[in-house]
Amino acid sequence: MSVIRVSVIIPTLNATQYIEKLIYGLKSQSIQPHETIVVDSSSTDQTVDIAKSLGAIVLTVKQEEFDHGGTRNFAASHATGDVLLFLTQDAMPHNVFFIENLIKPLQDEQVAAAHGRQISLPGTQFLEKITKEFNYPPQSFYKSKEDIQRYGIKTFFFTNVCSAVKTSVFYKVGKFPEPIIVSEDMMLSAKCILAGYKVAYAADAQVDHSHNYTLRQTFKRYFDIGGALGMNRWILDYTSAEGQGGQLLKSQVRQLIRPNNWRWIPLWIGESIVKYIGYRLGLLYHTLPRKMRRGMSMHPGFWDRRENTNTIMR
C-alpha cells in the first residue's frame, strides 16, 4: 500500500470544546486525512458550524437514534478512503505522527486493523491512570487467532477512541454489529481475528484521552459492557472476560501496595465491586425489566429502541 487514502470518522455530540482543536490536529499530521467525516447526533451547540467551516464532511443523525455500531457504519458508507480511521471527539493526537504510526501496521497484508495508545490527561485519577497503563502499554504487538488461549478476551481488545481498519476488510467481515450498546470496536476486532487476520496495537500512535468516572458512572459503564457481551454471546464461545479482569486486579494491587498509594485502596475496592456487579447484571440484562435496565445504563434510550423494534441481536 504505497499511497493510502485515510478517511477519518468522528461521531460528535455537543463537541464545541473539542472539535476545532481536533480537526486542526488532524490537518497538521505528517500524513493528512483524505477526508474528515463528522457524524453529529443533532448537537445544540456550534459543533456542526465549526466542523463545516474547517472543511469536514458533516452527516447528521437524530440523537435518540445514535448507535455505536450503526452510526459509525452510516458514516463509513460515505467514506471513499482505503482506510477508515475512527476517533472519538475528545481524543487528541499526541503528535504529528499519530496517523502515520497508526496506519503503518496496515501495510502488512495480514493485518486488518490497528488501534493506538491512550495517554492519560493531567489530573487523571490514579486508578484510571494505572488502568490505562495496563490496557495501553508502551510496547507494540500483534494479535491473531493463535493468541486466544494466551490472552483470553484481551485478544479481541480494541478501541474506537483511536483505531484504523482497512475499508475492504471492514466490509468483508460485516462492519460493526448494529444495534449495539457499546463494545462495537471489540466485536469488529473479533470478527477480523476469527476471519484469520491479525490486529495490531500501535503503541507509537498516541492520543491524549482519559475520563474520571464516578462509581455510579463506572457501574453503568460495566453494565453496558456486560449487556453488549450478553447480546453477542458468540464472542463468549471463544473466551470469557473474567480472566483478564483478574490480570488487571493483580496489576493494580502491585501499584496500590506502594506506601504512597495506600489511600486509594478503599476506592479501588469499591470500584472493583461495582465493576463486577455491573458487568454480571449486564450479562443478565434479558432477565431484567426495561425500567431497571434504563436506570443501570449509560445509554437508557438504547433499551427503548431495542424493545420498540423487538430486535434480536446475535
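How far is the sulfur of C192 from the closest cysteine sulfur? In this predicted model, the closest cysteine sulfur to that of C192 belongs to C162 and is 16 Å away, too far for a bond. The relation holds in the other direction as well, since the closest cysteine sulfur to that of C162 is in C192, again at 16 Å. A disulfide requires two cysteine sulfur atoms within 2.5 Å, and a search of the whole structure finds zero disulfides. Both cysteines are nevertheless buried: C162 has a relative accessibility of 0%, and C192 has a relative accessible area of 1%.

The discussion now turns to internal space. Rolling a probe the size of a water molecule over the atoms shows where empty space is left. A search of the whole structure finds one cavity of 30 Å³ or more. The largest cavity holds about 40 Å³ of space. Its lining consists of H115, N135, P137, F141, K143, K154, F157 and Y201. Sorted by class, the lining residues comprise four nonpolar, two polar and two charged residues. Two residues of this lining, K154 and F157, also stand in a particular arrangement: K154 lies over the face of F157, at 4.4 Å from the ring centre.

Another lining residue, N135, leads to helix α5. This helix spans residues 126-135 and is mostly covered, with seven of its 10 residues buried. The buried residues of α5 are F126, L127, E128, I130, T131, K132 and N135. As a matter of helix geometry, an α-helix has 3.6 residues a turn, so residues three or four places apart point the same way. Within α5, F126 and I130 are both buried, as are L127 and T131.

F141, also part of the cavity lining, leads to the aromatic contacts. The count for the model comes to 11 aromatic pairs. One of them joins F141 and Y151 in a stacked arrangement, with 6.4 Å from centre to centre and 20 degrees between the planes. F141 belongs to strand β7 (residues 141-143) and Y151 to helix α6 (residues 148-151), so the pair ties together parts that are 10 residues apart in sequence. Both partners are partly exposed: F141 has 27% relative accessibility, and Y151 has a relative accessible area of 23%.

A second pair, formed by Y285 and W303, is tilted, with 5.7 Å between centres and 35 degrees between the planes. This pair links distant parts of the chain, 18 residues apart: Y285 is in the loop between α11 (265-283) and α12 (290-296), and W303 is in helix α13 (residues 300-309). Y285 counts as buried at 7% relative accessibility, and W303 is likewise buried, with a relative accessible area of 0%. Elsewhere, ring pairs link F86, F170, Y171 and F176 into a cluster.

One further residue may be located in the model. L26 lies in helix α1, which covers residues 16-27. At 1% relative accessibility, L26 counts as buried. L26 and I103 are 77 residues apart along the chain, and their C-alpha atoms are separated by 14 Å.

Methods. Residues are numbered from 1 along each chain as its sequence is written. This is a predicted model: local features need pLDDT of at least 70, side-chain atom pairs count only at pLDDT 80 or more; totals for chains, interfaces and linings use all residues. Side-chain values use heavy atoms; hydrogens and water are left out. On a 1 Å grid over the protein atoms alone, a cavity is a set of points where a 1.4 Å probe fits but cannot get out, and a pocket is an open set with protein on both sides within 12 Å along at least five of seven lines; lining residues have an atom within 4 Å of a point. Grid points are joined across faces, edges and corners, and a volume is the space filled by probe spheres set on the points. Ala, Val, Leu, Ile, Met, Phe, Trp, Tyr, Cys and Pro count as nonpolar, Asp, Glu, Lys and Arg as charged, and the others, Gly among them, as polar. Buried means under 20% relative accessible area, exposed over 50%, partly exposed in between (1.4 Å probe, protein chains only). Rings of Phe, Tyr and Trp (its six-membered ring) pair if their centres lie within 6.5 Å; planes under 30 degrees apart count as stacked, over 60 as edge-to-face and the rest as tilted. Helices (H or I, at least four residues) and strands (E, at least two) are DSSP runs, numbered from the N terminus. A charge sits over a ring if NZ of Lys or CZ of Arg is within 6 Å of the ring centre and within 35 degrees of the ring normal.
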